[in-house]
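Please read the briefing below alongside the sequence and the 3D structure. It covers strands, aromatic pairs, burial and model confidence.

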Amino acid sequence: MKSAQKPVRLPASFRVLALVGVAGILAATAGCKQAESPVAQESATAEAGPAAKPGISASDGHLFLPVVPGRPGAVYFTVRNDGPAAAKLVGVHVSGSGSAQMHKTDGGTMAAIDSLDIAPGAQVEFKQGGMHVMVFDIEDSVKASGTAELTLTFSDGDKLSMPLRVESMGGDGMGDMPGMEH
């Protein structure tokens, strides 16, 4: 005949401690899984480069931070239309900024533009002294040597996003910017 063993009952304080420990492990595990996801998405974006609108590509993206905080920065890049039809660029957005606008400098005068037609086979350079993107209300979290994201929006609703290398104004490739008096 077997003797029945009596279950051991832990004091209430040990049971509470065990429950808190298990809850802590579950919370830490859930937090790790959430923290890993954005990192994986960021590196996938950076590795994949521009993606979205068929036939449209963008490259060489740079965001130049202003010398004086609170002033606008500038974005330069190249966009190309290898599609069969014209594309109309109607909006720009830069992560970590309050707003962004397309601008054109012509004859020493700079003005905002609402849209830009890009013909099939055409390439448009957004560069100093020509077409460029002005970036306003840049957050303190956007730092030189880091990255930001540029999103281009087209008239048909398609979008194209690309990474921007963040640089200090006055660094390589960036001299004085005529017409930057906003």
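Strand 8 has two faces: Val124 and Phe126 lie on the covered one, while Gln123 and Glu125 lie on the uncovered one. This is a predicted model, in which local features need pLDDT of at least 70 and side-chain atom pairs count only at pLDDT 80 or more, while totals for chains, interfaces and linings use all residues. Residues are numbered from 1 along each chain as its sequence is written, and side-chain values use heavy atoms, with hydrogens and water left out.

**Overall make-up**

- The protein chain contains one helix and 11 strands; helices (H or I, at least four residues) and strands (E, at least two) are DSSP runs, numbered from the N terminus.
- Read from the N terminus, the order of elements is α-β-β-β-β-β-β-β-β-β-β-β.
- Of the 182 residues in the protein chain, 32% are buried; buried means under 20% relative accessible area, exposed over 50%, and partly exposed in between (1.4 Å probe, protein chains only).
- About 11,300 Å² of the protein chain is exposed, and carbon and sulfur atoms supply 56% of that area; accessible areas come from the Shrake-Rupley method with a 1.4 Å probe, and for residues only the protein chains shown count as cover.
- Among contacts between residues at least 6 apart in sequence, 70% join residues at least 24 apart; contact means heavy atoms within 4.5 Å.

**Confidence**

- The protein chain has a mean pLDDT of 76, and 64% of its residues reach 70 or more; pLDDT is the predictor's confidence in each residue, from 0 to 100.
- Confidence is highest in strand 8, at a mean of 98, and lowest in helix 1 (residues 12-48), at a mean of 37.
- Over residues 13-50 pLDDT stays under 50, and the model has nine contacts beyond four places in sequence for them.
- Residues 172-182 also stay under 50 in pLDDT, and for them the model has 28 contacts beyond four places in sequence.

**Strand pairing**

- Strand 3 and strand 8 pair in the antiparallel sense over four bridges; two strands pair if DSSP finds at least two bridges between them.
- Thr78 has Glu125 in strand 8 as its bridge partner.
- Strand 9 pairs with strand 3 in the antiparallel sense over three bridges, and Gly73 stands opposite Val135 in strand 9.
- Strand 9 also pairs with strand 5 (residues 97-106), in the antiparallel sense over seven bridges, and Lys104 stands opposite Met131 in strand 9.
- Seven of the eight residues of strand 9 (residues 131-138) are buried, so strand 9 is largely enclosed by the rest of the structure.

**Aromatic pairs and the core**

- The structure holds two aromatic pairs; rings of Phe, Tyr and Trp (its six-membered ring) pair if their centres lie within 6.5 Å, with planes under 30 degrees apart counted as stacked, over 60 as edge-to-face and the rest as tilted.
- Phe64 and Tyr76 form a tilted pair, 5.6 Å centre to centre with 50 degrees between the planes.
- Phe64 is in strand 2 (residues 56-65) and Tyr76 in strand 3 (residues 73-81), so this pair ties together parts 12 residues apart in sequence.
- Phe64 is buried, with a relative accessible area of 3%, and Tyr76 is buried at 7%.
- Phe77 and Phe126 form a stacked pair, 4.3 Å centre to centre with 15 degrees between the planes.
- This pair links distant parts of the chain, with Phe77 in strand 3 and Phe126 in strand 8 (residues 123-126), 49 residues apart.
- Both Phe77 and Phe126 are buried.
- The largest nonpolar core has 30 residues, and Leu63 and Phe126 have the most contacts inside it; a nonpolar core is a set of buried Ala, Val, Leu, Ile, Met, Phe, Trp, Tyr and Cys residues joined through side-chain atoms within 4.5 Å.
- Not counting residues up to four places away in sequence, Phe126 touches ten residues' worth of neighbours named here in full: Val75, Tyr76, Phe77, Val79, Leu89, Met102, Leu116, Met131, His132 and Val133.

**Two further residues**

- Thr105 is found in strand 5 and is buried, with a relative accessible area of 12%.
- Leaving aside neighbours within four places in sequence, Thr105 is in contact with Met110, Gly129, Gly130 and His132.
- Lys88 is found in strand 4 (residues 87-94) and is partly exposed, with a relative accessible area of 33%.
- The C-alpha atoms of Lys88 and Leu116 are separated by 5.5 Å, although the two are 28 residues apart along the chain.
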